[in-house]
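Thank you all for coming. I would like to take you through one structure this morning, and please have the picture open in front of you while I speak.

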Amino acid sequence: MPDKKLKRVDLIFSDDCNCKDVLAAGLKKSNEEILKEILDSGLRGRGGAGFPTGLKWKFTSQEASEEKYVVCNADEGEPGTFKDREILTRVPMKVFGGMAICGKVIGAKHGYVYLRGEYQFLRADLEKVLEEFHANIKAEGFDFQIHILMGSGAYICGEESALFESMEGKRGEPRNKPPYPTIAGFRSKPTVINNVETLVYAFMITRIGADKFQELGTADSRGSKVFSISGDTPIAGIYELELGMSLEDFVEEFGDGDTKAVQVGGASGFCVPRKKFKDTIIGFEGVPTGGSMMLFNSSRSMYNVLKNYVQFFEEESCGQCTPCRVGCQQLIKGIEAVKKGEKSITYLNTLQKLADTMKVTSKCGLGQSVANSFSSIVDNFKEEMIY
Amino acid sequence: MPEIKELIKQLADKHGRTRESLLPILQGVITEERFISDAAMAEVARELDMSAALVYGTATFYSFLDTKPRGKYVIRVCKTITCDMKGKRQILQTLEDVLKVKAGETTKDNKFTLLEANCLGWCHKGPAMLINEEAYTELTPEKVSEIIGEYMKK
Amino acid sequence: MANTVNLKIDGIDVSVEAGKTVLDAAKELNIHIPTLCHHEDLCVAGNCRVCVVEQEGVKNLVASCAMPAQEGMVIHTNTHKVRNARKHVVELLLSEHNADCTKCYKNTKCELQDLASEMVISEPMFMDLVPEKNYTIDNFSPSIIKDDSKCIRCQRCVRTCHELQHVSALGVAYKGNEMKISTFFENPMYDVVCTNCGQCVIRCPTGALIEKTYLDEVWDAIYDPNKHVIVQTAPATRIALGEDLGMEAGSIVTGKMAASLRRLGFDSVLDTDFSADLTIMEEGTELLTRLKRALVDKDPTVKVPMFTSCSPGWIKFIEHMYPEYLDNLSTCKSPQQMFGALAKTYYAEKRGIDPSTIVSVSIMPCTAKKFEAARPEMRDSGFQDVDYGITTRELAVMIKQAGIDFGSIPDEKFDSIMGKSTGAAVIFGATGGVMEAALRTAYEIVTGREVPFENLNITAVRGMEGVREASVKIENVLPAWSFLEGVELKTAVAHGLTNAHQIMDAIKKGEANYHFVEVMGCPGGCVGGGGQPIPTTPEIRQKRTDAIYREDEGMEIRKSHENPEVQQIYKEFLGEPLGHKSHELLHTHYTKRKRV
């Protein structure tokens, strides 16, 4: 049972601090001190996968390489997510600050922001802020350069190893793992890759301390998170909320009174139907999300929703591995055939099994996660798939 | 052709001639030309001393690195479910009517190309579209007609 | 030991070297895990997912080809979950694949078909995606057919073209459901940098990349009473053909091949090895002449190092990639084309046959030879010198079609004239062989003595190292060659075009200083040619190579200049090496091609 109530938080966008000073203070701390803070805070990656940030930094810091990198994953492409754009628009200095502190801890001299092509319009402003940032950091005597690289319209590049491939000028195809980025990332060198939001939290933790952050959230999901809320809601937008609330509370706050389902975590996330709102915790112990929350009211066809998602994957799969490339095509064609009556209802079971196979055999998280939305929508809204 | 050669040389001078320079160079070609022709790709391959098939393979991977001729203004309408729920279909219809092309096509005067795109990151303000790099949100048919009217004057 | 890891597969303990994969470890235990994208010659792809296995403590299955073996791992290769997943993967591939197997050249030789058969796939589980795919077939090239409807996107071809050949005529294009294997701008293979080497063909698990066959044309010629059909067989065919006819890799089948060809109905069964010996005479003389003009006359128009020109894949590579070095290529035609030019002149004359009725067929370990035969440069006899080049594989098909029991057919000899050869000719089939054969002859011409290597075996130029260097000190020369006295003849050998690229780069940068360079387009030389039996692996290529050298050792004559038929042709027809007639028939020039 969820024990947290919905609570708004103001850490990410708060302007009660001077980034320059926070950065200066952060850089004055020892690496051990910073690492301990991040580890103690319980901060987990905010891009969706939720790997403990402190561990990522620690592993990379332990690598002997002369050449290491910090990469900020700003390839926000999950349908229903727009928080990173907002963060980069409003508090870019905090993002850069987080990168610099990470760079200090792991021993990197270069950081890269991989910005999705759809956000090209942000670039000029970001470059301006970067100039100021570089001046600040120079004043602190820390040798660290941040560069901005642009994506060009490929969702899969949000997958960390695909992102490195793209940074290296190649097709954004995920690599085999292991090795993981902490050992071989960008240019096959030890690399920390963090989501935009994660870097800001890390930056803020160096200011407020691990304890303050720990106070928020639950044992598995410490702290707060920025949510991108869209769909059938009267108040769509960006909200920073404490983790661990129930979906029921969430819907009460953001729904339009007729919410029949919430897609938590975008197209690669899970669809939660009304009857499960009460028992669903938003957090790593329940349904995790990179921030995308799409609300659907009873006027919406969940068949259309599912079709939209699977079509998205069919196009955005890199295409290299069989289960993802062909599986997505089969899922689309399959649900269409069932809907048209060309295939019997039992074919949905075949497709469910296929989705399960995609989950366990796909090369990367994209193919593995198609089953999340597919299974949860088909399970919960079977009749809408048929009639 | 001499212009594209010159453009690519300038881009290579700026971004370098390693494999890592490939995307920035192709992006630079897009900014100037809106698409990357076979001649341009061959030239990039020559500048970077790499296989043209790999340049082609890389370009075709990325939705924004068009390899087919495009108009001066490339319109990308977001087709994610949230934009769809807020009336994306009317927006697309309006664009098709105003421009007299179907999605995927380019106007006869080569001024506009109308495309659909995956999530543009404006789900709370749908329907949304990009015209080249510029984002337009909370679109209505009237607003779209107005925006296109402005571009037609350009 | 520090460098081994211990793991358990299907309940059996196994130790492997650190860095080996789970698949390698399973192989150690003779546990078969199916694979498609995996190939021993290529880097790990991990994209077909058919080799998945279960690792205890890990939720998802892991691709055994890509997963490093780790200490304490517990792996299961044959669980319900694994079998279901593999079957799904194969079903998915089939749904994208034009599975009209009876109409496929690779029928019964297809790795996807084998897997489908192993899994006893009958009724398709998923819907057929082929009708929506707009697949295309590119059959414009004289060498290779690319049929996208058969492609399973394993990228073996792409990795081959990139890693082994440094050509990258093929790449991966588009993404998602549209992802495909493509040339530059989807241009036809004949219109891009493809060297026709066929290395992709011998690694394609399905019928997506095959050689263009000329079986019907050859049969038609054989059955035409008005045609005199002659056949030549390349050195590397005689040690590989058996593999396609039920024999072990490395079986020497020279006599069986000659007998079979005669049984098939060829009017005259002749040997490319004859013209390989002739090539040595021409090329050896050309080398010495070049050295004289470069070292003594200081003629700046003479280019050194001289490159061999036997490998048509290499020729096309240099035409595309290094056209500024075209003048460094030996002007000698390849043995196939020397043979072709002589067949419709010398042979026709000697045998009193109207050359217009001769159909000249070659059996080659090579797909690029088909292209070479079709080159407009190769018509010096007044006709197309070689009418049809067919591969070792195609010959095996013909032998099967004719109902010949290859295993029991008694050995026969080649016909004469143009059927006699030496050990120096047969080693053309292995990397380093042309160099060795040339040195055996050139050294003797210059010094009057045999090359100073035990039993004529110049082992320094042999082996599988990608680039090998050897130098021979020339001493106590005959008076006519005094300018070579004391010269250290520097040579290099490369096989596979990635290694060729490496040598060319070194030469370009001025880091290498060779007199003579042998390049073979394919890994291992012709033994690993694109027209050879499938599969190819480092082990198979080694066995074929060993057979080549065994064949050489077993030959009565082992130096090209001692070939009596070669001596005869100079006396009766050609005059002397590099003479007027040679120039007319046996030498050629190549032209620059575009880089895309």
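I will go from a helix pair, through the chain contacts, to the sheets.

What we are looking at is a predicted model, in which local features need pLDDT of at least 70 and side-chain atom pairs count only at pLDDT 80 or more, while totals for chains, interfaces and linings use all residues. Residues are numbered from 1 along each chain as its sequence is written, and chains are lettered from A and ligands numbered from 1 in the order in which they are written.

Let me begin in chain A, with helix α2 (residues 31-41) and helix α3 (residues 53-62), whose axes come within 7 Å and cross at roughly 150°. That angle makes α2(A) roughly antiparallel to α3(A), a term used for angles over 145 degrees, where under 35 is roughly parallel, 65 to 115 roughly perpendicular and the rest oblique. The axes are lines fitted to C-alpha atoms, for helices over the stretch in contact, and the angles run from 0 to 180 degrees between N-to-C directions. Helices here are DSSP runs of H or I with at least four residues, and strands are runs of E with at least two, numbered from the N terminus.

Which residues of α2(A) meet α3(A)? They are Asn31(A), Leu35(A), Ile38(A) and Leu39(A), and on the side of α3(A) they meet Thr53(A), Gly54(A), Trp57(A), Lys58(A) and Ser61(A). Sorted by class, this contact has 4 nonpolar, 4 polar and 1 charged residues, where Ala, Val, Leu, Ile, Met, Phe, Trp, Tyr, Cys and Pro count as nonpolar, Asp, Glu, Lys and Arg as charged, and the others, Gly among them, as polar.

Turning to the chains, 29 residues of chain B are in contact with 36 residues of chain A, contact being counted when the C-beta atoms of two residues, placed from the backbone, lie within 7 Å. On the chain B side, the elements giving two or more residues are α2 (22-33), α4 (52-61), α5 (81-85) and β4 (134-136), and the largest share, 4 residues, comes from α5(B). That side of chain B divides into 14 nonpolar, 10 polar and 5 charged residues.

The contact between chains C and B takes 15 residues from chain C and 12 residues from chain B. On the chain C side, strand β8 (residues 171-173) gives the largest share, 3 residues, and the residues of that side are 9 nonpolar, 4 polar and 2 charged.

Within chain C, I would point to an open sheet of 5 strands with mixed pairing, in the order β2-β1-β5-β3-β4, where two strands pair if DSSP finds at least two bridges between them. Its edge strands, each pairing on one side only, are β2 (12-17) and β4 (62-63). Strand β1 (residues 4-9) of chain C runs antiparallel to β2(C) and is joined to it by 6 bridges, with Leu7(C) opposite Val14(C) in β2(C). Helix α2 (residues 80-96) of chain C packs on this sheet, touching β3 (52-55) and β5 (74-76), and its direction makes about 155° with that of β3(C).

Finally, chain C has an open sheet of 4 strands in the order β13-β18-β17-β16, again with mixed pairing. Here β13 (306-307) and β16 (467-473) stand at the edges with a single partner strand each, so one side of each is left without a neighbour in the sheet.
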